[in-house]
Amino acid sequence: MLFSYLIFPVTCVYYNHASKDSKLPGIVIKCMLFSIPSAIAEHFIEKNTKLVQYKKGWNSYYSFISIAFSFLFVRLFMAVVRKVEKVQANN
């Protein structure tokens with residue numbers, strides 16, 4: 001719950017701010033720099049505590065992919081919002 005409602009959204013905001021002026025390679029590298037620690041922490045918590053229990057077939061690799069995809073999707077959405085805002089400001 002803590003990750004879903006607090007840590008991930010705050011991290012996503014930081015990622016979007018950090019990658020705001022980056023080109024595609026920088027966006028992807030920064031995405032990895034934000035996603036990998038989250039997936040490693042989740043893997044550690046799943047293996048060493050009972051706080052996270054995966055359902056059928058889910059593992060930390062899928063968590064990494066979903067976290068990275070979420071960061072990139074939100075980044076794309078924010079890029080579109082910024083472009084629309086810029087167009088509206090010029091009109």
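Let me start with burial: of the 91 residues in this chain, 23% count as buried, and I should say straight away that we are looking at a predicted model. Staying with the surface for a moment, the accessible area of the chain comes to about 7,100 Å², and carbon and sulfur atoms hold 69% of that area.

Turning to the overall build, the secondary structure consists of 3 helices and 0 strands, so that, if you follow the sequence along, you read the pattern α-α-α. As for dimensions, the C-alpha atoms fill a box of roughly 55 × 25 × 20 Å when the box is taken along the principal axes. The radius of gyration of the chain is 16 Å, whereas a compact globule of 91 residues would have one near 12 Å. On contacts, if we consider those with a separation of 6 or more, then 57% of them are between residues that lie 24 or more positions apart in the chain.

Now I would like to go to one place on the surface, which you can find on the structure above. Leu6, Ile7, Val10 and Tyr14 together make a nonpolar surface patch of about 380 Å². One of these residues, Tyr14, belongs to helix H1, which covers residues 2-18. Is Tyr14 itself buried or exposed? Its relative accessibility is 55%, and because exposed means over 50%, Tyr14 counts as exposed.

To bring the two parts together, then, we have a predicted chain with 3 helices and 0 strands, and on it a nonpolar patch to which Tyr14 contributes alongside Leu6, Ile7 and Val10.

Terms used
Residues numbered from 1 in each chain as written. Predicted model: local features only at pLDDT ≥ 70, side-chain atom pairs only at ≥ 80, totals over all residues. Heavy atoms only, no water. Patch = residues over 30% accessible without salt bridge, like charges linked within 9 Å, V, L, I, M, F, W, Y side chains within 5 Å. Areas by Shrake-Rupley, 256 points an atom, 1.4 Å probe, with all protein chains shown as cover. Salt bridge = Lys/Arg side-chain N within 4 Å of Asp/Glu carboxyl O. Helix = DSSP H or I, 4+ residues; strand = E, 2+ residues; numbered from the N terminus. Buried < 20%, exposed > 50% of the residue type's maximum accessible area, 1.4 Å probe, protein only. Rg over C-alpha atoms; globule rule 2.2 N^0.38 Å. Contact = heavy atoms within 4.5 Å.
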